[in-house]
Structure formats: structure tokens, C-alpha cells
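Here are three short exercises to work through with the sequence and structure in view. Try each task before you read its solution.

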Amino acid sequence: MATIFAHQYIPTDDTSIPLGQPADVAGTPMDFTVPTPLGERVDDDFDQLTQARGYDHSYVVDGEMGVLRPAAEVVSPKTGIKLTVKTTLPGVQLYTANYLTDRAGKDGARYAPRYAFCLETQFFPDSPNQPAFPSAILRAGEKFDHTTCFFFGET
């Protein structure tokens, strides 16, 4: 079950370049504001999902940038393992391994598309070219100071 603490995401074109304005997640398969299985809506007929073959989108983390706040939480109903992500950055990218090629893993396990996921805290993609996005530019003499914390535990 995945929860992303974001009421907006960054829509992209068919080459994964952001369109420039956040969109509301409400009423779309991009909505993880309540705990939802990651694969429940991944194949929905929704242009953002079909273009990317699944989730590969940046979410606008609720709250003030620069303040450490929850970005996402994922819980395995099978094992009870819980991952909590907190960040001071403006976004968290959800990627569902859409382009992973079928391969063998440890002890003969098979890995194929959507057998994994990533949560990557970040500035929004293409932010230097998107005036409405927080700037990711670091100029000479400026300090970069952001924090991301990954917590692992059990429910």
C-alpha cells in the first residue's frame, strides 16, 4: 500500500518532459493521498500512465519546501515492512520499473517490468526551463542544504 503526501503531480508530454504546471491528483489514477496498492491503477486508460508505461512522475510534496516533511510511505501487506520517506525538497518521483528487462536475480528469482519501484526526492524535472518550478540552480558561493530521510520498520 502506497501513500504519497502530494495533492498534485507534474504531468509530462509523450517524451517525459514536464508540461510546466502541476495538476491535481484527485479523481485520477495518480492519486495516492490514501493508501493504495501501487499496481491497482497502473494499467488504467489514462494518458500519463500509458505514455510512461506506468508511473514515472514527480509529485509535489505537500507542505513548505525546506521543511522536513513526509513525502511517501509504502507498506507491504504481506510482510509488514514499512518504508517512510521524508524530505525538504519540493518533489518525489515515483517510478515503477516500467522499462526493467526480464532478468534472473538472487536464488533464481525473476525480475521484470514493474517488479520494483523507486521513490526519488528531487527538484522537479526540467526545472531550469520551467519558470513556475522552484529553481534547482546552484550559483557560485551558494550553499545546497536539503535533507532526505528513509526509514524502514514494521507496521
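## Exercise 1: A surface patch

Ile81, Phe150 and Phe152 make a nonpolar surface patch of about 350 Å². Keep in mind that this model is predicted.

Task: Find where Phe150 sits, and decide whether Phe150 is buried, partly exposed or exposed.

Solution.
- Step 1. Locate the residue: Phe150 belongs to strand β11.
- Step 2. Read its relative accessibility: Phe150 has 45%.
- Step 3. Apply the cut-offs: buried is under 20%, exposed is over 50%, and partly exposed is in between.
- Step 4. Conclude: Phe150 is partly exposed because its relative accessibility is 45%.

## Exercise 2: A residue in a loop

Task: Place Ser127, classify Ser127 as buried or exposed, and list what Ser127 touches beyond four places in sequence.

Solution.
- Step 1. Ser127 lies in the loop that runs between β10 (118–122) and β11 (148–154).
- Step 2. Its relative accessible area is 5%, so Ser127 is buried.
- Step 3. Leave out residues up to four places away in sequence; Ser127 then touches Phe133, Pro134 and Ala136.

## Exercise 3: Far in sequence

Task: Which loop holds Gly54? Is Gly54 buried or exposed? How many residues separate Gly54 and Tyr99 in sequence?

Solution.
- Step 1. The loop between α1 (47–52) and β4 (56–60) holds Gly54.
- Step 2. Gly54 is buried, because its relative accessible area is 0%.
- Step 3. Skip residues up to four places away in sequence; the contacts of Gly54 are Val42, Gln48, Leu49, Thr96, Asn98 and Arg114.
- Step 4. Gly54 and Tyr99 are 45 residues apart in sequence, and their C-alpha atoms are 9.4 Å apart in space.

Notes: Residues numbered from 1 in each chain as written. Predicted model: local features only at pLDDT ≥ 70, side-chain atom pairs only at ≥ 80, totals over all residues. Heavy atoms only, no water. Helix = DSSP H or I, 4+ residues; strand = E, 2+ residues; numbered from the N terminus. Buried < 20%, exposed > 50% of the residue type's maximum accessible area, 1.4 Å probe, protein only. Contact = heavy atoms within 4.5 Å. Patch = residues over 30% accessible without salt bridge, like charges linked within 9 Å, V, L, I, M, F, W, Y side chains within 5 Å. Areas by Shrake-Rupley, 256 points an atom, 1.4 Å probe, with all protein chains shown as cover. Salt bridge = Lys/Arg side-chain N within 4 Å of Asp/Glu carboxyl O.
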